[in-house]
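Trainee: I have a model on screen and want to learn how to read it. Where do we begin?

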Amino acid sequence: GTAHIFEDLTGHGISEGSLLKASEELSECVRPSTDAVEELLMNADVLNADETGLRLHRLHVASTDGLTHYSVHEKRGKEATDAAGILQDFTGTAVHDHRKPYFRYKNCRHALCNAHHLRELNFMERQYGQVWACDMADLLLEIKEAVEKLKPDRDGFGPEQIRAFERRYDEILRRGFADNPFAPPEEKKRGRAKKPPPLDLLIRLRKKRPLP
């Protein structure tokens with residue numbers, strides 16, 4: 001743990017109790033800054049939300065390009081994100097990985113993270129041989145590059161360019177659904193039939209528009 005790292009780096013041992021006390025004191029010292037960051041994040045136009053695993057706990061993250069808020073909780077659902085104190089008062093656009101607890105926040109708009117999509121698309125192409133997945137990844141990256149090339153005085157793409165991207169997006173989805181027709185299992189089981197991974201991703205992408 002931290003005590004072992006401290007001893008390895010300095011050659012001096014420190015008790016876990018001393019570390020805990022120091023952590024609590026430092027937490028109070030930086031509380032004004034933490035409160036300010038939370039308020040700025042809650043008032044942001046766009047907020048990134050994500051979580052990852054820690055030993056016996058989950059690390060929940062809310063961030064913008066310039067600010068990051070970390071919260072550690074033993075759970076990973078809405079109870080944990082409520083405890084972080086950011087999303088329940090957020091009214092902008094929340095960007096996340098499509099986990100269901102995020103959609104329970106009704107005061108904000110939702111956008112799905114293309115970084116997660118690109119990772120899944122790469123997996124679908126390599127693991128399942130899904131050609132459409134490679135084409136979708138290329139299109140998403142092309143749109144991203146086109147957005148970055150927009151002049152600062154432009155609000156976005158023109159209608160024709162948007163329709164052109166959307167036609168290609170929809171065509172890739174049609175090919176993907178054609179390659180992955182959903183066939184429920186023959187044996188009836190309790191609960192909903194589970195969708196194959198490629199089809200599950202296709203359904204999520206269909207709900208997402210490629211451009212705002």
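Mentor: We go from the whole chain to single residues.

Mentor: First, the ground rules. This is a predicted model, in which local features need pLDDT of at least 70, side-chain atom pairs count only at pLDDT 80 or more, and totals for chains, interfaces and linings use all residues. Residues are numbered from 1 along each chain as its sequence is written, and side-chain values use heavy atoms, with hydrogens and water left out.

Trainee: How many helices and strands are in the protein?

Mentor: Helices (H or I, at least four residues) and strands (E, at least two) are DSSP runs, numbered from the N terminus. Here there are eight helices and five strands. From the N terminus on, their order is α-α-α-β-β-β-α-β-β-α-α-α-α.

Trainee: Is the protein compact or spread out?

Mentor: Use the radius of gyration, taken over C-alpha atoms, and the globule rule, 2.2 Å times the number of residues to the power 0.38. The protein has a radius of gyration of 22 Å, well over the 17 Å that the rule gives for 212 residues, so it is more spread out than a compact globule. Along the principal axes, the C-alpha trace spans about 65 × 55 × 35 Å.

Trainee: What share of the residues is buried?

Mentor: Buried means under 20% relative accessible area, exposed over 50%, and partly exposed in between (1.4 Å probe, protein chains only). Buried residues make up 32% of the 212. Accessible areas come from the Shrake-Rupley method with a 1.4 Å probe; for residues, only the protein chains shown count as cover. The accessible surface of the protein comes to about 14700 Å², and 52% of that belongs to carbon and sulfur atoms.

Trainee: What do contacts say about sequence distance?

Mentor: Contact means heavy atoms within 4.5 Å. Take the contacts between residues at least 6 apart in sequence: 44% of them join residues at least 24 apart.

Trainee: Now a helix. Which residues of helix 6 are buried?

Mentor: Start with the general pattern. An α-helix has 3.6 residues a turn, so residues three or four places apart point the same way. In helix 6, the buried residues are W132, A133, M136, A137, L139, L140, I143 and A146. They pack against helix 5 (114–128), helix 7 (159–179) and helix 8 (197–207).

Trainee: What span does helix 6 reach?

Mentor: The expected span of a helix is 1.5 Å times one less than its number of residues. Helix 6 (residues 131–148) has 18 residues and reaches 27 Å from its first C-alpha to its last, close to the 26 Å expected.

Trainee: And what covers the buried residues of helix 8?

Mentor: The cover includes strand 5, helix 5, helix 6 and helix 7. The buried residues themselves are P198, L199, L201, L202, I203, R204 and L205.

Trainee: Let's try a loop residue. Where is F90?

Mentor: F90 sits in the loop between helix 4 (78–84) and strand 4. F90 is buried, with a relative accessible area of 0%. Beyond four places in sequence, F90 is in contact with L41, M42, A44, D45, V46, L47, N107 and C108.

Trainee: M42 is on that list. Is M42 buried or exposed?

Mentor: Check the cut-off. M42 counts as buried because its relative accessible area is 19%. M42 belongs to helix 3 (residues 31–42). Apart from residues up to four places away, M42 touches G85, I86, D89, F90 and T91.

Trainee: What about the strand residues R58 and S63?

Mentor: R58 is found in strand 2, and so is S63, in a strand that covers residues 57–63. S63 is buried at 13% relative accessible area. R58 is partly exposed at 23%. Outside four places in sequence, S63 touches L41, L47, N48 and T68. With the sequence neighbours set aside likewise, R58 has contacts that include E51, T52, H73 and K75. R58 and K75 are 17 residues apart in sequence and 6.2 Å apart in space, C-alpha to C-alpha.

Trainee: Which backbone angle should I check at H98?

Mentor: Look at phi. H98 has a positive phi of about 80°, although H98 is not a glycine. H98 lies in the loop between strand 4 (93–96) and strand 5 (109–112).
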